[in-house]
Structures are given as structure tokens and as C-alpha cells.
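Trainee: Could you take me through one part of this model up close? I'd like to look at the cysteines and then follow whatever turns up around them.

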Amino acid sequence: MRSAPRLLLTAALSTVLGAGLVATYPSAASAASTASATSGASAASAASVWRWGPFASSDARGWVIGNVRSGRSGMRISGDLYDRSGTRTCTWIKLKWLTDRGKYRTAKFRNCSHSKPRAFQVNAGYMLLANAQVCRGTAKRITGKCSRWRQVWAQGGR
């Protein structure tokens with residue numbers, strides 16, 4: 001009778017704590033290890049992708065939705081850029097991130113197709129912070145109507 005509450009208590013604690021509560025009783029070792037393995041696997045997969053957006057330009061004719069993924073070689077910023085505008089105009093996204101060495105890096109992408117989104121991705125490596133800005137422009141340059149800089153990812157949370 002006494003081993004059943006111990007088994008339930010050990011399994012519940014290991015599930016709540018996520019991973020690593022060592023079972024002290026041999027009968028509870030197998031139940032605790034399977035409970036911590038399933039919760040640890042789901043926590044690891046859920047923490048590897050951070051979604052951000054949608055962010056729109058100041059005239060609301062262009063917007064972006066994206067995510068940041070962690071991998072073996074650092075972080076990858078990716079997403080889709082949408083354009084809902086008239087002729088001869090494009091939507092641009094400017095990405096700026098701070099590397100772990102204290103340097104800022106930038107990337108720009110544009111979408112001039114009014115019918116389909118444009119996918120983009122940047123291998124940012126190990127970074128501390130990432131920001132995005134959605135702007136309007138021509139096919140060659142940004143002309144204005146930018147949103148404010150929005151934080152898409154930061155080490156330790158937003």
C-alpha cells in the first residue's frame with residue numbers, strides 16, 4: 001500500500017520538474033524515467049522555435065510574419081514578407097541582430113509580388129538580440145513609411 005503513493009508522488013514530481021528528478025525507490029525508477037523523458041522531449045522541441053509578428057509598415061500595405069529557430073550552428077531568422085500595394089512599389093524588411101561578439105549585422109529583403117508572399121531566411125549564428133522593421137519602397141531602395149523597430153528575439157526572453 002505504501003509503495004503506490006510513493007510511485008505516484010515520484011512520477012508527479014518528475015513530470016512537474018521536467019527532467020532530472022532521480023527516483024530513490026527501485027520500483028518507481030522506470031515510471032519516473034519515462035515521465036521525465038516525454039516531458040523533456042516536448043519541452044526541448046517547444047523551446048527551439050520562437051514565433052513573431054505580424055508587423056506592418058506604417059501605411060499597412062506590407063507586413064511580415066516569422067520565427068527564430070535554434071540549431072547547432074546558432075539561430076536562424078526566417079519568415080514570409082507580404083505586399084498588398086499598387087504598381088511599382090515593394091515591401092521591404094530590415095533585420096538587425098547583435099552577435100555574441102558585440103557586432104551588429106543587418107540583412108534586407110524585398111517583395112514586389114502583390115499576389116504571393118516571399119520567404120526569407122538569415123543564418124544569424126549565435127546572437128544576443130534581433131530586431132525587424134517593415135518598410136515601403138521601390139524595387140531598388142527603401143523610400144520610407146517604415147514601422148518602428150520591433151524586437152523579434154532576445155536572449156533571456158523579450
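Mentor: Start with Cys112, which is partly exposed, with a relative accessible area of 30%. Its partner is Cys90, and the disulfide between the two has an S to S distance of 1.8 Å. Now look at where the two ends sit: Cys90 belongs to strand E4 (residues 90-99), while Cys112 is in the loop between E5 and strand E6 (118-125), so the bond ties together parts that are 22 residues apart in sequence. Unlike its partly exposed partner, Cys90 is buried, at a relative accessible area of just 2%; anything under 20% counts as buried. You can also give this bond a hand: the torsion about the S-S bond is about 100°, so the disulfide is right-handed.

Before we go on, remember that this is a predicted model. Mean pLDDT for the protein is 78, with 70% of the residues at 70 or more. Over residues 1-43, though, the pLDDT is below 50, and beyond near neighbours in sequence that stretch has 26 contacts in the model. Helix H1 (residues 3-17) has the lowest confidence, a mean of 41, whereas strand E5 (residues 104-111) has the highest, at 97. Where pLDDT is low, the coordinates shouldn't be read in detail.

Back to the cysteines. The count is 2 disulfides, and the other one joins Cys135 to Cys146, S to S 2.1 Å. Cys135 is in strand E7 (residues 127-137) and Cys146 is in the loop between strand E8 (142-144) and strand E9 (150-154), so here the tied parts are 11 residues apart in sequence. Cys135 is buried, with a relative accessible area of 0%, and Cys146 is partly exposed at 27%. With a torsion of about 115° about the S-S bond, the Cys135 and Cys146 disulfide is right-handed too. If you count the bonded cysteines along the chain, the pattern is 1-2, 3-4.

Stay in strand E7, because Arg136 lies there as well and reaches Asp59 in the loop between E1 and strand E2 (62-71), a link across 77 residues of sequence. Their side chains meet in a salt bridge, 3.5 Å from N to O. Arg136 also forms a salt bridge with Asp83, where the closest N and O atoms are 2.8 Å apart. That second pair links distant parts of the chain too, with Arg136 in strand E7 and Asp83 in strand E3, 53 residues apart. Put together, Asp59, Asp83 and Arg136 are linked in a network of salt bridges. Arg136 is buried at 5% relative accessibility, and Asp83 is buried with a relative accessible area of 5%, but Asp59 counts as partly exposed at 25%.

Asp83 takes us to strand E3. That strand is part of an open sheet of 4 strands, in the order E1-E2-E3-E6 with antiparallel pairing. Strand E1 (49-56) and E6 are the edges, each pairing on one side only. On average, neighbouring strands here are turned by 15° against each other, direction ignored. Strand E3 (residues 74-83) and E6 run antiparallel and are joined by 7 bridges; to spot a partner, find Met75 and look across to Gly125 in E6. And E6 brings us round to where we began, as the loop holding Cys112 lies between E5 and E6.

Conventions: Residues numbered from 1 in each chain as written. Predicted model: local features only at pLDDT ≥ 70, side-chain atom pairs only at ≥ 80, totals over all residues. Heavy atoms only, no water. pLDDT = per-residue confidence, 0-100. Contact = heavy atoms within 4.5 Å. Disulfide = S-S within 2.5 Å. Buried < 20%, exposed > 50% of the residue type's maximum accessible area, 1.4 Å probe, protein only. Pairing = 2+ DSSP bridges. Axes fitted to C-alpha atoms, helices over the stretch in contact; angles between N-to-C directions. Salt bridge = Lys/Arg side-chain N within 4 Å of Asp/Glu carboxyl O.
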